[in-house]
Amino acid sequence: MSQLDNIIQLINCRSDKIEQKISNLNGKINAVTSELKSVAAKVTCLERRVDQVEQPINQMQRRMDDLETYMRRRNLKLIVKRKKIPEVDVVHRLGKPQLGSGGGRPRATIIQFSTRTCRDAIWKAARNSSYLRDNGLQFREDFSKGDRERRMKLWREVQKARAAGKTAHFVGARAFVQGDVEITLTS
């Protein structure tokens, strides 16, 4: 054998080893790819299951907010801006008392009426009551935490509509522009 034949044989031997290693690596890559596809399929399946579980949870949360709102339909909050509180038979005060004579937000009083009709009559009469205004008293609706959060999120949209010269108002936790177009959150 000549020296050229030895070099050719050596090159062929080394290229055979390289081809074997490449073949082994291809096998491993195929196995990893197959396993990765399997894991991706499991992740997709789990994502679908999470979506299926989250949807009823969100619906239940909204239903709980609706039920709490329904329970509060006969309630009004009475905000007392002066130190003296007029005589009331039964009251439920909210929050902790403010220490000292000055400052702080006044504590609200929850009043639950026997019927919604009675509550609505008081609410309507209180809007233009000079007695309440002169004595630093104010009624507010009693909203659930979820409704208060939705109203806070919608407030900016109501302000924009009013700044644009449109009439905008709230009905519960829903906001409306020009009487019938419901405002929805864009973000």
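**Strands, helix H4 and salt bridges**

Author: Arg93 stands opposite Thr109, a residue of strand E3. The model discussed here is predicted.

Reader: What makes E2 and E3 a pair of strands, and in which sense do they run?

Author: Two strands count as paired when at least two bridges are found between them. Strand E2, residues 92-93, and E3 share 2 bridges, and the sense is antiparallel. The requirement is met, so the two are called paired.

Reader: How do you know whether strand E3 is largely enclosed or open?

Author: A residue is buried when its relative accessible area is under 20%. In E3, residues 108-112, 4 of the 5 residues are buried, so the strand is largely enclosed by the rest of the structure. For the protein chain, 19% of the 187 residues count as buried.

Reader: What elements make up the protein chain, and in what order?

Author: The protein chain has 4 helices and 7 strands. Starting at the N terminus, the order is α-β-β-β-α-α-β-α-β-β-β.

Reader: How do you know what span to expect of helix H4?

Author: The expected span is 1.5 Å times one less than the number of residues. H4 covers residues 145-163, which is 19 residues, and its first and last C-alpha atoms are 27 Å apart, close to the 27 Å expected. There is also a bend of about 35° at Leu154. Just after H4, Gly165 has a positive phi of about 85°.

Reader: Which residues of H4 are buried, and what do they pack against?

Author: The buried residues are Gly146, Asp147, Leu154, Glu157, Val158 and Ala161. Their packing partners are helix H1 (3-71), strand E5 (168-171) and strand E6 (174-177).

Reader: Why is Asp147 called buried, and why is Arg150 called partly exposed?

Author: Asp147 has a relative accessible area of 2%. That value is under 20%, so Asp147 is buried. Arg150 has 23% relative accessibility. Partly exposed runs from 20% up to 50%, so Arg150 falls in that class.

Reader: What makes the contact of Arg150 and Asp147 a salt bridge?

Author: The definition asks for a side-chain nitrogen of Lys or Arg within 4 Å of a carboxyl oxygen of Asp or Glu. For Arg150 and Asp147 the N to O distance is 2.4 Å, so the term applies. Both residues belong to H4 and lie 3 residues apart, about one turn of the helix. An α-helix has 3.6 residues a turn, so residues three or four places apart point the same way.

Reader: Which other residues are linked with Asp147 and Arg150 in a network of salt bridges?

Author: The network also takes in Arg62, Asp65 and Asp66.

Reader: How do you know that Glu157 and Lys160 meet the salt bridge definition?

Author: Their side chains come to 3.7 Å, N to O. The limit is 4 Å, so this pair qualifies. Glu157 and Lys160 are likewise 3 residues apart in H4.

Reader: What is the distance for Arg174 and Glu182, and how is their exposure classed?

Author: The closest N and O atoms are 3.2 Å apart, and the two residues form a salt bridge. Arg174, at 42% relative accessibility, counts as partly exposed. Glu182, at 38%, counts as partly exposed too.

Reader: How many salt bridges does a search of the whole structure find?

Author: The search finds 11 salt bridges.

Notes:
Residues are numbered from 1 along each chain as its sequence is written. This is a predicted model: local features need pLDDT of at least 70, side-chain atom pairs count only at pLDDT 80 or more; totals for chains, interfaces and linings use all residues. Side-chain values use heavy atoms; hydrogens and water are left out. Buried means under 20% relative accessible area, exposed over 50%, partly exposed in between (1.4 Å probe, protein chains only). The bend at a residue is the angle between axes fitted to the seven residues ending there and the seven starting there. Contact means heavy atoms within 4.5 Å.
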